[in-house]
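Trainee: Could you take a close look at one part of this model with me, the place where its chains meet, and then tell me a bit about the helices?

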Protein chains: 2
Amino acid sequence: MPRKICSEKACFPIDAIKRLVGYYRDLKHLKEKGVNVISSFSLSEILGVSPEQIRKDLSYLGEFGKRGVGYDVEHLIKNLEDRLTIVRPSNAVICGVGRLGMALMGYAGFRDLNIRISAGFDVDEAKIGMEVAGIKVYHLRHLVKVCKRIHPEVAIISVPASYAQDVCDRIISVGVRGILNFAPVSLSVPNDIFISNVDLSVELGALLFCTRMGEAGGAKG
Amino acid sequence: MPRKICSEKACFPIDAIKRLVGYYRDLKHLKEKGVNVISSFSLSEILGVSPEQIRKDLSYLGEFGKRGVGYDVEHLIKNLEDRLTIVRPSNAVICGVGRLGMALMGYAGFRDLNIRISAGFDVDEAKIGMEVAGIKVYHLRHLVKVCKRIHPEVAIISVPASYAQDVCDRIISVGVRGILNFAPVSLSVPNDIFISNVDLSVELGALLFCTRMGEAGGAKG
């Protein structure tokens, strides 16, 4: 995964993109609660990010807020939707319908970002044809055919590590350019493919080490 | 989450810790396959990290490898186990036994790092007393009593966003200092608590934006 992503107009650091996507979701929840205007200080409390960081991130969108007035929530949401292209719905597929894959098929949070999980794939005959959270499971051998119909833009890999590279190659061959990988293994992809690894045991292991190390020393920002 | 964690002996950047935990797991799999010595180049291919980065990360452990000889796999594993304190087993608990929580209770990867999920907690009476992957589910009101017995060092939060702060506060009150949070919300924690957020919709949304933005421009390392 590169550290920055650029169009002809602007460059966004990946970390800023992730924060902006999170702001969008949280702002939408604020608006549902009836909040129309918010100060950068209150926004900072809700988002758990410093006001300086928020101002810096929003400046990528050309947003600067007005001192003493705060941000117009609806305007910000609209701007984030446009700039982050969230307004355009997308399809995603999940490869590997084990426990984790099934949980992800039913994960409500993706809808907040207009992302629809449209199909699941597995090789276990017992799962083929079943529906999980209303989403059909197909045999992996039908990946090309199904994807020609639904045009997924992103895919989730939740197969065991030893199958992940093969599945990854197949997904790329059907034109998917963004992959969220849960398999605990490093995948090789061409330069124009974006891959994000969510490695659950590494996250938990690193936390554990931090708490133990923190006993002896301390955390430094 | 701070960017660095320090003991009296050394400081480790959090990103390096995560990579080192990943190296440990992958090296153990290599050893199981009978690999005893590995060059930094081959290690780089397997781990998907540049040889320079690996050398730099391992130098935190005082490891420098021998030019033209490579790394002794067993020695590296031993060193990582000792320095990352992986050799000491730990208990973890999961709060929120929904689809995702259930998947995490059965997630095999935690065992690679000597982490045992010892209990699940929920408020849904239908789930109390059941076992998921051999792990018992308790009512959240028994958190204190159960944790006094199993002494969890880390906890996973997989409850809906609106309950997450309350659950987080309770977990901290029983002495847990490391939290892996899957709820899509920012949690407030004291400075000596380590929290890591896995925000699945943000990850997928950011990937989607990158692929769309990448069409117009390009990725920059």
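**The interface and some helix packing**

Mentor: A 180° rotation, with 0.0 Å of shift along its axis, puts chain B on chain A at an RMSD of 0.0 Å (a least-squares fit on C-alpha atoms of residues with pLDDT of at least 70 in both copies). That is how a two-fold axis relates things. Keep in mind that this is a predicted model: local features need pLDDT of at least 70 and side-chain atom pairs count only at pLDDT 80 or more, while totals for chains, interfaces and linings use all residues. As for labels, residues are numbered from 1 along each chain as its sequence is written, and chains are lettered from A and ligands numbered from 1 in the order in which they are written.

Now the interface. Chain A and chain B put in 65 residues each, with contact meaning C-beta atoms, placed from the backbone, within 7 Å. On the chain B side, the elements giving two or more residues include β1 (4-6), α1 (14-32), β5 (90-95) and α8 (200-216); helices are DSSP runs of H or I of at least four residues, strands are E runs of at least two, and both are numbered from the N terminus. The largest share, 16 residues, comes from α8(B). By class, the chain B side has 34 nonpolar, 17 polar and 14 charged residues (Ala, Val, Leu, Ile, Met, Phe, Trp, Tyr, Cys and Pro are nonpolar, Asp, Glu, Lys and Arg charged, the others, Gly among them, polar). And 100% of chain B's interface residues are interface residues in chain A too, so the copies meet through the same surface.

On to the helices of chain A. In α4(A), residues 73-83, the buried residues are A:Leu76, A:Leu80 and A:Arg83 (buried: 20 or more other C-beta atoms within 10 Å of the residue's own; exposed: 12 or fewer; partly exposed: in between; C-beta atoms are placed from the backbone). Down the axis of α4(A) they fall within a 75° arc, so they line one face; the arc is taken over directions from the axis to the C-beta atoms. The face turned away has exposed A:His75, A:Lys78 and A:Asp82. Among what covers the buried residues are α1 (14-32) and β4 (71-72) of chain A.

Last, α2 (40-47) and α3 (51-59) of chain A pack at about 100°, axes 9 Å apart (lines fitted to C-alpha atoms over the stretch in contact, angles running from 0 to 180 degrees between N-to-C directions). α2(A) and α3(A) are therefore roughly perpendicular, the label for 65 to 115 degrees; under 35 is roughly parallel, over 145 roughly antiparallel, the rest oblique. Residues in that contact include A:Phe41 and A:Leu47 of α2(A) and A:Ile54 of α3(A).

Methods: Two residues are in contact if their C-beta atoms, placed from the backbone, lie within 7 Å.
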